[in-house]
Amino acid sequence: MKAERVDGVGDGAKSYRWWGLFVAAMVQCFVGGAAWTIMPVLFLEISGVRPDGLGLSLTELGAIWAMLPLASAFFCIPMGIFGDRYGVRVVVGLGVILAAIAGGFRGMSGGFSSLLIWMFLFGVGYSTITPNLSKFVGMWFPSKELGMANGIALGSYGLGAGLAIQFGGSLLSPAVGGWRNALIILGIASLAVGILWVLSAKSPKSVGTEAAAQGSSQGLFHSMSVALSTKDMWLLILSNTTYMMGYIGVIGFLPMYLVDQQGLSKAAANGYVSILLYVFVFGAIIVPMISDRLGTRRWVYFFSILVNTVAVISTAFLTGPALAVAFIVWGFCTGGNILAYVMPLEHPRIGPSLAGAAIGFMLAIGFFGGFVSPIVGNAIAQKAGGVTAIMLWGLCYLVSALTFLLIRETHPSRASKV
């Protein structure tokens with residue numbers, strides 16, 4: 001069965017889609033960006049001696065950071081399937097509310113075990129977001145704008161994450177009385193965004209009708225069976241998994257590495273990492289737009305992630321302005337990863353109507369790699385040093401870039417029929 005893209009929408013829908021894109025971006029910004037990515041800059045406080053901290057080891061911090069990818073590994077697939085069957089408004093709305101509640105309760109944790117549980121539940125809620133936000137964008141935007149629109153929706157992660165890393169530990173936490181209150185405040189903010197999503201999100205009538213018809217006639221797991229039987233999806237999964245292993249591992253480690261090994265202050269270290277995330281906001285829009293214009297997803301992804309390989313590894317050796325340049329290049333070229341979420345939307349066997357399960361499947365395995373990566377990488381850093389761990393995470397990017405070239409082109413101007 002061939003899944004068709006829906007590129008035509010009415011005049012009223014054209015005006016709505018930009019508002020819908022804004023709300024989707026706010027979900028990713030606050031929950032995926034700020035509420036999750038603030039954790040690494042709070043780790044020094046959280047791991048401190050009691051009663052202010054929880055007295056945690058580096059390995060325990062790695063396990064806490066890995067809880068979101070672990071939860072997502074289990075739940076991205078069912079949440080993607082539910083999004084295909086029941087609609088993105090309900091599924092994402094419930095997920096954001098769960099993430100908001102669990103995220104707030106992280107600030108009330110009494111020890112390692114309770115923080116681990118709340119981080120896992122936060123990850124369960126988060127697992128509804130990325131597969132279904134990409135599906136949401138695919139329903140509202142035509143192919144010629146698909147890269148740009150996905151870049152705005154998913155790239156807003158960089159804005160929230162950048163603000164959280166730059167100001168979460170150095171400004172927010174001291175201002176509100178510590179890491180506990182900082183997490184509670186972000187939980188409240190996430191809840192407000194979740195309510196906004198529930199009140200705002202909707203689907204084009206044509207897509208809603210198509211999805212309902214497919215859901216009733218094909219069954220709950222039809223979209224999953226299509227994803228499993230598509231060879232290109234398996235290559236995309238391998239590429240995305242190695243990418244996420246590299247990113248999740250190194251981004252959770254660098255704030256501590258720059259302080260402990262490079263001798264930077266907490267504020268300086270967080271500032272350097274936030275450069276990456278701020279620039280990603282622009283790269284997530286511009287790099288996919290370049291792909292839209294050039295008519296190729298594969299080669300734009302390959303070159304951007306290849307450059308990232310060099311930039312990531314260089315952070316282990318550079319200092320001063322050169323280190324800032326490495327983070328700028330890394331952040332901008334990270335925009336190429338948005339194309340991994342565009343390809344299922346354009347694939348002739350998948351398309352927007354079945355993309356929730358396909359992207360959920362891709363994310364589930366990717367997040368499992370992201371779960372393993374910080375635990376193994378932090379253990380390697382303890383025994384062999386941080387430089388070794390950063391180099392291994394950088395090589396994950398290289399494998400991702402090379403694998404992506406094996407996937408058939410999906411851009412409408414060059415795609416071959418399946």
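**Exercise 1.** Is R408 buried, partly exposed or exposed, and what is its relative accessible area? Identify also the salt-bridge partner of R408 and the parts of the chain that the pair connects.

*Solution.* The model is predicted.
- Step 1: R408 has a relative accessible area of 30%. Buried requires under 20% and exposed over 50%, so R408 is partly exposed.
- Step 2: The salt bridge of R408 is formed with D232, with 2.6 Å between the closest N and O atoms.
- Step 3: D232 belongs to helix α12 (residues 231-260), whereas R408 lies in the segment after α18 (386-404); the pair therefore ties together parts that are 176 residues apart in sequence.
- Step 4: D232 has a relative accessible area of 6% and is therefore buried.

**Exercise 2.** Determine where E346 and R297 lie, and which network includes them.

*Solution.*
- Step 1: A salt bridge joins the side chains of E346 and R297, at 2.5 Å from N to O.
- Step 2: E346 is located in helix α16 (residues 339-346) and R297 in the loop between α13 (266-294) and α14 (298-314), so this contact ties together parts 49 residues apart in sequence.
- Step 3: E346 is buried at 9% relative accessibility, and R297 is buried at 0%.
- Step 4: Through salt bridges with shared partners, D292, R297 and E346 form one network.

**Exercise 3.** Which helices does the salt bridge between R17 and E145 link?

*Solution.*
- Step 1: The closest N and O atoms of R17 and E145 are 3.2 Å apart, which satisfies the criterion of within 4 Å.
- Step 2: R17 lies in helix α1 (residues 11-37) and E145 in helix α8 (residues 143-176), 128 residues apart.
- Step 3: Both R17 and E145 are buried.

Key
Residues are numbered from 1 along each chain as its sequence is written. This is a predicted model: local features need pLDDT of at least 70, side-chain atom pairs count only at pLDDT 80 or more; totals for chains, interfaces and linings use all residues. Side-chain values use heavy atoms; hydrogens and water are left out. Helices (H or I, at least four residues) and strands (E, at least two) are DSSP runs, numbered from the N terminus. Buried means under 20% relative accessible area, exposed over 50%, partly exposed in between (1.4 Å probe, protein chains only).
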